[in-house]
Amino acid sequence: MMYRWLWLICLLLPLNAMANGAHATLDRNEVHLGETVTLNVRIDNTMDARTPDLSALNNDFEILGASTNSVLNDVNGQQTAQVIIGIALRPKHVGDLQIPSLTMGSNQTQPLTLHVDPPDNSVAAADTHKDIFVDVTADPNRVFVGQQLLLRVRLFFAVNINGGTLPDPQAGGADLRRLGGDTDYESVRNGKRYHVVERRYALIPQHAGTLTIPSFEFQGEAVEPSDINDPALLGQGGLFGNSTPVEADSMPVTIDVQPTPANWGKTTWLPARALTLDLQGLPSDGKITVGQPLNLHMTVEATGLPANALPEPSLPKIDGVTVYPDQPTNTTQDDGQWLTGRRERGFAIFPQHAGTITIPATTLTWFDVQSGQQQVATIPARTLTVVAAATASPAASSSAAQVAATATPAVASNVSATSNASTRSAALSIWQWVAIISVGLWLLSIAVFLWWRRSKPRPASSDIHSATDSARRLRHAFMEAARGRDSTLQAHSLLAWARAERPGLQNLGQLSAELVLDTQREAIERLQRAQYAHHATSGANDLATVFANGFVWRVEKASTDDSPLPPLYPFKLD
């Protein structure tokens, strides 16, 4: 009873009494010496937060600066707030550098580890003398068919860039998926410091042979600052200096795609970095009851493979058992480098009679691309004892039998009838009171609810109007910012407006990926470039024009979820 009161008290606590959560993340977990990395500290449920004490980082990092971004979302009248503090760091030496827990008020962030490699010398020497160039690398560049590799596209520029277009690479005969948004940092090449915009892609070759990523071109505008001695403060290039078209070509990248090993057999080819097979829900005591369901949950998860490349979890026919499978669910996530596919499915098992049942072992053969060895994931066989459903109490049955044996038939019959009648009467009286109390509480709750509805009338469409008014207000704020010159304000107001329509958006990169029109995507690219170059945007009128009619969202096509792979049946995988 005490636990119920504690639970009720927790439900009645106001939301503002909850502690603000603090979370720390790195925009990259692995860098080269000479590059910068951004430590992002997010504090939820607040609009005011200060930069934490960073003195513990001085031994391993140069602290280059910090910026604070406050976000307030209003969706259907529900407001959520958070502050994100971005801290630019440059590692001082090679190795696994520790970022300790940071204190934010009454909260602490989790510690992090950053791996720092020696300086990157993969960029061609000829490129390091240019002010702008594009570098494309494949990691690894020798893979098996169906194996994911990481494709990095990096734009290096040592000048201020005012807009530009960096297309996605083309890869015929391969599945190309973009991983997250753009990452921004600084890097040193041959003593020259560059700004870097990096994009990452998951590339999965579908055919053996040589896969070539052809050259593609970046096109943009480099801005030279105006002469401050110009009396008009304008000069030939206007207030922000001369604008010169610039372009940079990437070098073609060749990837050697190996076929499936000849001795692999007929099992599904699964080249992964890691794979697990799991079955949850088995009783710890090994006992189940006739007619009562046993709910099992099978999961297949692999790193380096999307969900649609994995076999569907399934159970075989088990004697004496009826199996009802749920619809499978598929999810594919990434950590910025590797895809993680997950397929899961629930099963309701109904035993038909007492005895024992055996759930056979389930095996799944896969290829470990890191060790180059064949591996087998296994769910061991499990034997369960099926017990009969509960019946009348043995003690009561024995007592009734003794009375029937010692008394005359008539007396025994009367005693038995009296005993059963009294038992039923006691049981009925208890359940009648329980039913009366339950109905009374139900009627009381309905009365309270109707009174609340009448005392606080609200049109059915008020939530829709609230959301519409919020989106309209945020759109107006963006249009006001678009007429100005503050690129940071424009970026924040554009993202806030978009979140009013799609709350799940985290950054401008995700917003761009959700839009259909190239003009809107290019406008976001120009806006981001303006932020990278640290000067006001000169395309404010274009920005307002492009989004004058609102966002043109991408509509996802319904997936059939029909997989050509065989189902995950035990005994038939190998």
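Colleague: What makes β14 and β15 a pair of strands, and in which sense do they pair?

Modeller: Strand β14 (residues 174-189) and β15 pair in the antiparallel sense over 13 bridges, and two strands are said to pair if DSSP finds at least two bridges between them, so the 13 bridges satisfy that rule. Strands here are DSSP runs of type E with at least two residues, helices are runs of H or I with at least four, and both are numbered from the N terminus. Within this pair Ala 174 stands opposite Pro 205 in β15, and the two strands form a hairpin with 2 residues between them, where Asn 190 in the turn has a positive phi of about 50°. This is a predicted model, in which local features need pLDDT of at least 70 and side-chain atom pairs count only at pLDDT 80 or more, while totals for chains, interfaces and linings use all residues. Residues are numbered from 1 along each chain as its sequence is written, and side-chain values use heavy atoms, with hydrogens and water left out.

Colleague: Why are β20 and β29 said to stand at the edges?

Modeller: The open sheet has 3 strands in the order β20-β28-β29, with mixed pairing. β20 (271-272) and β29 (373-379) each have a single partner strand, so one side of each is left without a neighbour in the sheet. β20 and strand β28 (residues 362-368) run parallel and are joined by 2 bridges, and Ala 272 stands opposite Asp 368 in β28.

Colleague: How do you know that Asp 256 and Arg 142 meet in a salt bridge?

Modeller: A salt bridge is a side-chain nitrogen of Lys or Arg within 4 Å of a carboxyl oxygen of Asp or Glu, and the N to O value for Asp 256 and Arg 142 is 2.6 Å, so the pair qualifies. The pair links distant parts of the chain, with Asp 256 in strand β19 and Arg 142 in strand β11 (residues 142-144), 114 residues apart. A search of the whole structure finds 22 salt bridges, and Asp 168, Arg 178, Asp 182, Arg 199 and Glu 525 are linked in a network of them.

Colleague: Why is Arg 142 called exposed, and is Asp 256 exposed or partly exposed?

Modeller: Buried means under 20% relative accessible area, exposed over 50%, and partly exposed in between, with a 1.4 Å probe and protein chains only. Arg 142 has a relative accessible area of 52% and is therefore exposed, whereas Asp 256, at 29%, counts as partly exposed.

Colleague: What makes Glu 62 and Arg 90 a salt bridge, and is Arg 90 buried or exposed?

Modeller: Their side chains meet at 3.4 Å, N to O, and the pair links Glu 62 in strand β4 (residues 61-75) with Arg 90 in strand β5 (residues 78-91), 28 residues apart. Glu 62 is partly exposed because its relative accessible area is 36%, while Arg 90, at 12%, counts as buried.

Colleague: What is meant by a nonpolar core, and how many residues has the largest one?

Modeller: A nonpolar core is a set of buried Ala, Val, Leu, Ile, Met, Phe, Trp, Tyr and Cys residues joined through side-chain atoms within 4.5 Å. The largest has 32 residues, and those with the most contacts inside it are Ile 132, Val 134, Leu 203, Phe 218 and Ile 255. β12 gives the most to this core, with 5 residues.
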